[in-house]
Amino acid sequence: MSIQHIQHYYTEIDQLRRFSGSRNENVLRPAFEQLLRAYCADKPIKLVNEVMLKTPRGNTIRLDGTLKDSLRQDWGYWESKDEHD
């Protein structure tokens, strides 16, 4: 991942906040998704949105994204939160 990707992310966040007047996770989520996709671009992993996961307690949760390889192994999880969560 390059510094340009990160700088673009911060620029995009600033614009989304200014244009929307909101810091809500749903407003800012696309910018972070774009950053994660840029991270995955030169790696053998992909960002898969809205993956269901069973917790050790048996609850089912829907993650915003999961980084997976071609064997469907999980390499990382993404769950958006805003200031109110």
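This short report walks through a three-stranded sheet, the helix that lies across it and one buried residue, in a predicted model.

**The sheet**

Let's start with the strands. The sheet is open, its order is S1-S2-S3, and its pairing is antiparallel. Strand S1 (45–54) and strand S3 (74–78) each have a single partner strand, so they stand at the edges with one side left without a neighbour in the sheet. From one strand to the next, the twist averages 35 degrees.

The table sets out the two strand pairs.

| Pair | Bridges | Residues between the strands | Residue with positive phi |
|---|---|---|---|
| S1 and S2 | nine | five residues | Gly 58, near 95 degrees |
| S2 and S3 | four | four residues | Arg 72, near 65 degrees |

You can also follow individual partners across the sheet. Asn 49 stands opposite Gly 65 in S2. On the way to S3, Thr 66 faces Tyr 77, and the bridge partner of Leu 67 is Gly 76.

**The helix and the covered strand**

Now look for helix H2 (residues 25–40): this helix lies across S1, S2 and S3, and runs at about 125 degrees to S1. Strand S2 spans residues 60–69 and is mostly covered, with seven of its 10 residues buried.

**A closer look at Asp 64**

Asp 64 has its place in strand S2. Is Asp 64 buried or exposed? Its relative accessibility is 6%, and buried means under 20%, so Asp 64 counts as buried. Leaving aside residues up to four places away in sequence, Asp 64 touches Glu 25, Arg 29, Val 48, Asn 49, Glu 50, Trp 78, Glu 79 and Ser 80.

Conventions: Residues are numbered from 1 along each chain as its sequence is written. This is a predicted model: local features need pLDDT of at least 70, side-chain atom pairs count only at pLDDT 80 or more; totals for chains, interfaces and linings use all residues. Side-chain values use heavy atoms; hydrogens and water are left out. Two strands pair if DSSP finds at least two bridges between them. Helices (H or I, at least four residues) and strands (E, at least two) are DSSP runs, numbered from the N terminus. Axes are lines fitted to C-alpha atoms, for helices over the stretch in contact, and angles run from 0 to 180 degrees between N-to-C directions. Contact means heavy atoms within 4.5 Å. Buried means under 20% relative accessible area, exposed over 50%, partly exposed in between (1.4 Å probe, protein chains only).
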